[in-house]
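Thanks for asking me to go through this one with you. Below are my notes as numbered points, to read alongside the structure.

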Amino acid sequence: MWKAVVIGAGIATLATVSVLGVFRCERGAYRLERTAKIAAPPAIVQARIADLREWTTWPPWQRAESDPGGKFQGPRSGPGASYSWAGGEEAGAGRLTIVFAGPEEVRVDSRIEKPRARTSEFEFRLAPDGDGTLVTWTASCENDRAGNLSELLTGPLPPTAADLEKGLENLKLVAEAAEEYRVARPMLEAPAALW
């Protein structure tokens with residue numbers, strides 16, 4: 001009987017150490033890539049990516065009802081434009097900065113400071129594709145090695161493949177709506193010119 005208790009306790013201890021080890025050994029760096037076709041010209045799509053104010057409409061982790069105390073700095077769009085926030089446990093604290101914005105590529109640096117340090121580099125490649133744009137979103141991410149389970153379960157999560165897919169789906173909706181408005185607007189304004 002005593003031998004069974006000691007063996008059971010040893011197995012329970014080994015299982016606990018193994019589970020904690022898995023949480024402690026979270027992957028440190030990884031790269032994700034997703035592509036979508038958007039029925040809008042590259043310039044319309046690029047404008048939604050290079051202007052961080054537009055990021056309130058399409059990234060998957062941005063919630064319209066949450067206000068993490070964000071602040072825009074620098075130019076409205078392009079290199080040097082940045083958005084920083086310092087919210088509660090759910091939003092964390094960090095900064096997005098546009099580091100490059102050209103007609104075929106936009107690169108964004110994301111630095112999460114709280115609740116645990118993480119950096120992500122987002123690269124958006126835009127290529128004309130028939131009557132639309134082929135957009136490829138690449139996320140290169142580095143996470144710190146979390147010290148305990150509570151740090152892993154709080155704050156914003158690192159980007160996932162599903163996040164990139166949802167973000168591209170949202171970007172498609174926003175860019176295509178902007179393109180429809182751009183095409184329809186001259187027709188709406190034309191009758192006024194005739195008066």
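1. Let me begin with Q73. Setting aside residues up to four places away in sequence, Q73 touches G80, A81, S82, S84 and R95. Please keep in mind throughout that this is a predicted model. One of these neighbours, R95, also makes a polar contact with Q73: their side chains are joined at 2.6 Å.

2. Where does Q73 sit? The residue belongs to strand β2, which covers residues 71-73. Its relative accessibility is 26%, so Q73 counts as partly exposed, given that the partly exposed class lies between 20% and 50%. You may also like to check the distance to L52: the two residues are 21 apart along the chain, and their C-alpha atoms are separated by 9.8 Å.

3. Next, a charge over a ring. R53 lies over the face of F72, and the distance to the ring centre is 4.6 Å.

4. R48 deserves a look of its own. This arginine is placed in helix α2, residues 42-50. Is R48 buried or exposed? With a relative accessibility of 15%, R48 counts as buried, because the cut-off for buried is under 20%.

5. What surrounds R48? Leaving out neighbours within four places in sequence, its contacts are E54, W55, W58, L171, V174, A175 and A178. Within the helix, a polar atom of the R48 side chain lies 3.3 Å from the backbone oxygen of I44.

6. Two of the R48 contacts, W55 and W58, bring us to the aromatic rings. The model has nine aromatic pairs. For W55 and W58, the ring centres are 4.9 Å apart and the planes stand at 55 degrees, so this pair is tilted. As a reminder, a pair of aromatic rings is described by the distance of the centres and the angle of the planes. Both of these tryptophans are buried.

7. Which residues join W55 and W58 in a cluster? Ring pairs link the two tryptophans with F122, F124 and W137. I would display these five residues together when you look at this part of the model.

8. Now to the strands. β4 (residues 93-101) and β5 (residues 105-114) run antiparallel and are joined by eight bridges. Together β4 and β5 form a hairpin, with three residues between them. If you want a single pair to follow, F100 has R107 in β5 as its bridge partner.

9. β5 is also joined to β6 (residues 118-129), again by eight bridges and with the strands antiparallel. Here, too, the two strands form a hairpin with three residues between them. Across β5 and β6, I112 stands opposite R118.

10. My last stop is T136, which lies in strand β7, residues 132-143. At 10% relative accessibility, T136 counts as buried. How is T136 connected to T35? Their side chains are joined by a polar contact of 3.0 Å.

11. The wider surroundings of T136, leaving aside neighbours within four places in sequence, consist of contacts with E33, R34, T35, E123, F124 and R125. Among them, F124 is a residue you have already met, as a member of the aromatic cluster with W55, W58, F122 and W137.

Terms used: Residues are numbered from 1 along each chain as its sequence is written. This is a predicted model: local features need pLDDT of at least 70, side-chain atom pairs count only at pLDDT 80 or more; totals for chains, interfaces and linings use all residues. Side-chain values use heavy atoms; hydrogens and water are left out. Helices (H or I, at least four residues) and strands (E, at least two) are DSSP runs, numbered from the N terminus. Buried means under 20% relative accessible area, exposed over 50%, partly exposed in between (1.4 Å probe, protein chains only). A polar contact is a pair of N or O atoms within 3.5 Å; within protein, one must be able to donate a hydrogen and the other to accept it, and residues adjacent in sequence count only if both atoms are side-chain atoms. Contact means heavy atoms within 4.5 Å. Rings of Phe, Tyr and Trp (its six-membered ring) pair if their centres lie within 6.5 Å; planes under 30 degrees apart count as stacked, over 60 as edge-to-face and the rest as tilted. A charge sits over a ring if NZ of Lys or CZ of Arg is within 6 Å of the ring centre and within 35 degrees of the ring normal. Two strands pair if DSSP finds at least two bridges between them.
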